[in-house]
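Trainee: Could you take me through how the helices pack here, and then the other local details that go with that picture?

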Amino acid sequence: MENQPTIMVTNDDGIDAPGLRALVQVLVSTRRFQVLVCAPDSEKSAMSHSITWRDPIAARRVEIEGATAYAIAGTPADCTSLGISKSLFPLIPDLVISGINMGSNCGYHIVYSGTVAGAREAFFNEIPAISVSYNWFGGQSKVENFTLSAEACIPIITAVLVEIKNKTYPLRCFLNIDLPTDVANNKGYKLTKQGKSIYKMGWSQVTSDMQGGKMLSTMTMDTDSTAPIETGALNLSQDHLLFKREVLGGKLDEGDIDDADFKFLQQGYITVTPLGALSHAEIGCHSYFKDWLPSVGEHPSASSL
């Protein structure tokens, strides 16, 4: 056990989510890794990279066979930060894996993703990390597909750990992996870039927290009106308005990105996308503002517009 690499698992769907449980079970069953789990105690989807700043967070020991696990009353980024700090566990993991998420994380949705944030937080601290998501599709996907997804990732996980051991793994990025809906018949690994795909969101006014559908972590709607919002009972006076998010439709416009992640995911590939954390503007924007900014002082005042 002492010579085995240590993997810490987190997610944003919560410690009881089937994706995380399947990943941990597959990792443990290989008997190659020491497995730690530090994950949110409830669903924290689309939390992005938010962190708990002022208040302490609670950690509760959870029994997961073959792993040392804690449920955390915090965000995915909180979980990674605490888990790698040596405050909760006595050692720093060799690798952090965040997932397996129920729903893909490609294109602009990477910005919203708590799953990706769990890996990004490790990257901030120079610890190799991988975020993993399964393209769940209602009516087609089964819980067993999480196990198939985890098994499909084992070669990448093993190869990354070999590079880490040899001190040849680049710390300038982390990996975002998305697995296709029909993962059993996937077309293999495909190196991709972050694209521009996004589900357009809107808002609709409702009269109660039971009205309309529930937004799922897959960026789709559950229209079962018996499923209440997970924000607890809403006690609003008559001068309050109540709104809920709704999905308006998907947008897939990759522009000049030939090897975009979501495009190849839809084609049945397991997409592997190296990510960083810098938010550079697209080519041309910097040049435009380089010419524009010096002339700002010459523009008419706002009062003359």
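Mentor: Here is a walk through the helix packing, followed by the cavity and two backbone details. Keep in mind that this is a predicted model, where local features need pLDDT of at least 70, side-chain atom pairs count only at pLDDT 80 or more, and totals for chains, interfaces and linings use all residues. Residues are numbered from 1 along each chain as its sequence is written, and side-chain values use heavy atoms, with hydrogens and water left out.

Two packed helices are described by the angle between their axes and the distance between the axes. Helices here are DSSP runs of H or I with at least four residues, strands are runs of E with at least two, and both are numbered from the N terminus. Axes are lines fitted to C-alpha atoms, for helices over the stretch in contact, and angles run from 0 to 180 degrees between N-to-C directions.

Take α1 (residues 18-30) and α5 (residues 144-165): their axes are 9 Å apart, at an angle of about 50 degrees. That pair is therefore oblique (under 35 degrees is roughly parallel, over 145 roughly antiparallel, 65 to 115 roughly perpendicular, the rest oblique). The crossing of α1 and α5 is right-handed, that is, the near helix is turned clockwise from the far one by less than a right angle. On the α1 side, Pro 18, Gly 19, Ala 22, Leu 23, Val 26, Leu 27 and Thr 30 meet Phe 146, Thr 147, Ala 150, Glu 151, Ile 154 and Ile 157 of α5, contact meaning heavy atoms within 4.5 Å. By class, that's nine nonpolar, three polar and one charged (Ala, Val, Leu, Ile, Met, Phe, Trp, Tyr, Cys and Pro are nonpolar, Asp, Glu, Lys and Arg charged, the others, Gly among them, polar).

Now for α2 (residues 76-83) and α4 (residues 114-124), with axes 8 Å apart and an angle of about 30 degrees. These two are therefore roughly parallel, and α2 also passes α4 in a right-handed crossing. Pro 76, Ala 77, Thr 80 and Ser 81 in α2 meet Gly 114, Gly 118, Glu 121 and Ala 122 in α4. This contact has three nonpolar, four polar and one charged residues.The largest cavity's lining has seven nonpolar, no polar and one charged residues (a cavity being 1 Å grid points over the protein atoms alone where a 1.4 Å probe fits but cannot get out, lined by residues with an atom within 4 Å of a point). In the backbone, a cis peptide joins Gly 99 and Ile 100, and Ala 46 has a positive phi near 60 degrees.
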